[in-house]
Amino acid sequence: MSNSINNIHGDKVRDFTLSVLTEDRAGLLNQITIIFTRRKINIDSLNVSTTEVPGVSRFTIVIQSVSKDQVEKVVKQIRKLVDVLGAFVYEDDDVYYQEIALYKVPTDVFLNGNKIETLVRNSGARILVIEKDHIIIEKTGHKSDTHDLYDKLMPHGLLEFVRSGRIAVSKSKRKTEAFIQQLEEAKSNRLSIKDF
Amino acid sequence: MSSTSSLEVEKKKSPASERVTGSEAVLKCLLEENVEVIFGYPGGAIMPIYDALYSYTDKLNHILTRHEQGAVHAAQGFARVTGKTGVCFATSGPGATNLITGIADAQIDSTPLVCITGQVFSHLLGTDAFQETDVVGISMPVTKWNYQVTRPEEIPYAIAKGFYIANSGRPGPVLIDITKDAQLKEFDYSYEKCEKIRSYHPYPILDEKSISDAADLINKAQKPLMLVGQGVLIAEAQKELIAFAEKAGIPMASTLMGLSAVPNNHPLYVGYLGMHGNYGPNVKTNECDVLIAVGMRFDDRVTGNLDKYAKQAKVIHIEIDPAEIDKNVKADVAVNADAKEALQSLIKVTKENQHKSWLKEFRDCDEIEFEKIIKTATNPTSGGILMTEVMKKISDKTKGKAILVTDVGQHQMVASRYYAFDDTKSNVTSGGLGTMGFCLPAAMGAKMGQPEKQVIAVIGDGGFQMTIQELGTIFQSQIGVKILILNNNFLGMVRQWQELFHDKRYSFTELTNPNFQLISQGYGIPSQKIEERADLDAALDQWLNSDGPQLLEVVVEKEENVFPMVPAGASVSDIRLG
Ligand SMILES: Cc1ncc(C[n+]2csc(CCOP(=O)(O)OP(=O)(O)O)c2C)c(N)n1
């Protein structure tokens, strides 16, 4: 959903995905989010997960409608945090990304003809659980995709809906492990900013 | 995220370990870090550390302040004049929260501190126990790093890491919160200094290309101007800076925090920047062709309106903190490096040059400023005593060799303008945060850090009463600071704004002051008060030459304004001379 609108300063604003590699430490979530709060930037979604490197966590943060200039300043502040290993900024074209959504619908809507079943099948969703009184549908995709299904299910009585934060991997060939290695091998306590 | 709440304790088997309590370990760690002075205040949650301290008083000099804010500002003053890390102790809850103002001040002014706070027992964390406060959470936005210790085994590593972080790269405050059980328990202690953290790289590698790009601009410049910030003092790059300026013939102006990096009598020194700075460097910022900023961050008090700031100039920004580059002013050439290293490289590739007629333009401005402002400000013949004449006299009498510690307000701006610094690292003030009450305790810390030097504390009657209790510390520990109260019976700086921008509506800025001499007497500190110009010289001489602490109150003109002034939101070239 690359939007191209301008903010009050006339700067082009759009969505960015930040990928932040950190030491696995309590309190970091707070340290990272206050950087956004202080600048009144809304976090659209945030996901924390382990990485393929033990002891290293990845925060995937989506922020909407900010300018490139704003996001760069924020990322520099994030990099400044002592326990942050690296922070990368991506636009939608630079990453493969997905979100997952779960939809709870009453079981009886499936009993009234197979309209819903077709709908689920055609939208590439799957049925996760069938219970006596409700069915859980799962769909993975971009926000627009999961939102589409949301719109379609809504008229049939959606009992509950939840969507995860975005997770993303970059299209570049960089490996997390190689990056961490580079940090560890950096001559004593020096690093060139270009390495980020 | 995993629930690991503790540092991985270094597994490396270090030399010899001995069995001690967490509390004793804290003190041993401080000794390993060559700490000599601690400023602090005890309380329940830090009592085990104070108990251990009882046996360490021959090795560690603890100064008992009268308030935790006093302790943290004192640690700041100590750090600023020595370059060493300032250390303070406080208890949990109110003790810890009382540190916050000073920690925020240290963060914005890049001052290395390690603050150690006691915390309730770890099993009580999160239960609203007596004097429990989430100081790690509260201090997060204003510390460079903070950490809560709940096991004694974490103490050596946390302290080693804390000292390393506080005083490397761009310095800043660190807070280490230690639960009472971690202080009480015994463990196998050993210490290893921290020299590297894989997620923290405080010293960028200098990019030689940026140096040659900078040199290209500098070598072609007709009207270069250099802005000197505190980064020069922190990097101890004063010599390199001056050598570079002399070689390339570049005028140097200083920010408030950069004052004393260049002796004011240097032929290329052109004055002080910003809202109440000198006329020349402010207006010439908008006329120079190349602006070389060294270790400064283009604070709004320096730049005025950013949209009208140095738009004509190519900007070279030498700065160690990448987050400062392009933050306020876009750099044409960014040199992300330690100032000393960058200047060492830069000097090799810059051509010898002189810019005599350009420099003369600054001197012409100086003359205008002298005629319009300085002449009468420093040599009035009638009316009440002026802050400006007092500061000029102190500057002359000390030959600019004393350490000048200032509070916040008109007197701060006047002192910064009229004191001609001639000794490096001799300016201690609260720049970024503008913390009233900073001066008195910071002056104590400065004196502890440089006991051989004269330390002068210049304070307004308002700010003095924000940390006046530290007179008790000065008395008890006989700290020989010279305290000057420039008493205008007003919160002068606010009054000035009310006069200029709020139709003289003096809303709650007039003070009914106590008898400062009587207070001083109560604390056993000798004092004088003068109200007549004729008495000024003798009083200053006596005060400066006295032994030990002494207070001098000078009653000054009530409604004096500080000029020049760049009104908030105006361009630096619209600086007002009156
Ligand atoms: C803790 C704090 N509170 C309020 C202010 C706002 N403030 C800035 S200058 C000033 C007046 C200072 O008055 P005084 O200490 O008498 O010094 P003067 O300006 O008269 O020299 C005030 C209230 C501040 N800087 N710090």
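A polar contact is a pair of N or O atoms within 3.5 Å; within protein, one must be able to donate a hydrogen and the other to accept it, and residues adjacent in sequence count only if both atoms are side-chain atoms. This is a predicted model, in which local features need pLDDT of at least 70 and side-chain atom pairs count only at pLDDT 80 or more, while totals for chains, interfaces and linings use all residues. Residues are numbered from 1 along each chain as its sequence is written, chains are lettered from A and ligands numbered from 1 in the order in which they are written, and side-chain values use heavy atoms, with hydrogens and water left out.

**View 1. Polar partners of the ligand in chain B.** Let's start with the ligand's oxygen atoms. A polar backbone atom of B:Gln410 sits 2.8 Å from a ligand oxygen. The side chain of B:Asn488 places an N or O atom 2.9 Å from an oxygen of the ligand. At B:Phe490, a backbone N or O atom is 3.0 Å from a ligand oxygen. On its own the ligand has 590 Å² of accessible area, and the protein covers 77% of this (Shrake-Rupley method, 1.4 Å probe).

**View 2. The shell around the ligand.** Which residues are closest to the ligand? They are B:Gln410, B:His411, B:Gly434, B:Gly463 and B:Gly492, out of 18 that surround the ligand (a heavy atom within 4 Å). The shell has eight nonpolar, nine polar and one charged residues; here Ala, Val, Leu, Ile, Met, Phe, Trp, Tyr, Cys and Pro count as nonpolar, Asp, Glu, Lys and Arg as charged, and the others, Gly among them, as polar.

**View 3. B:Thr378 in a helix.** Look for B:Thr378 in helix α15 of chain B, residues 356-378 (helices are DSSP runs of H or I, at least four residues, numbered from the N terminus). Is B:Thr378 buried or exposed? B:Thr378 counts as buried because its relative accessibility is 17% (buried means under 20%, exposed over 50%, partly exposed in between; 1.4 Å probe, protein chains only). Its side chain reaches the backbone oxygen of B:Lys375 at 3.5 Å. Leaving aside residues up to four places away in sequence, B:Thr378 touches B:Thr388, B:Glu389, B:Lys392 and B:Tyr418 (heavy atoms within 4.5 Å).

**View 4. B:Asp188 in a strand.** B:Asp188 belongs to strand β8 of chain B, residues 186-189 (strands are DSSP runs of E, at least two residues). With 49% relative accessibility, B:Asp188 counts as partly exposed. A polar contact of 3.2 Å links the side chains of B:Asp188 and B:Arg19.
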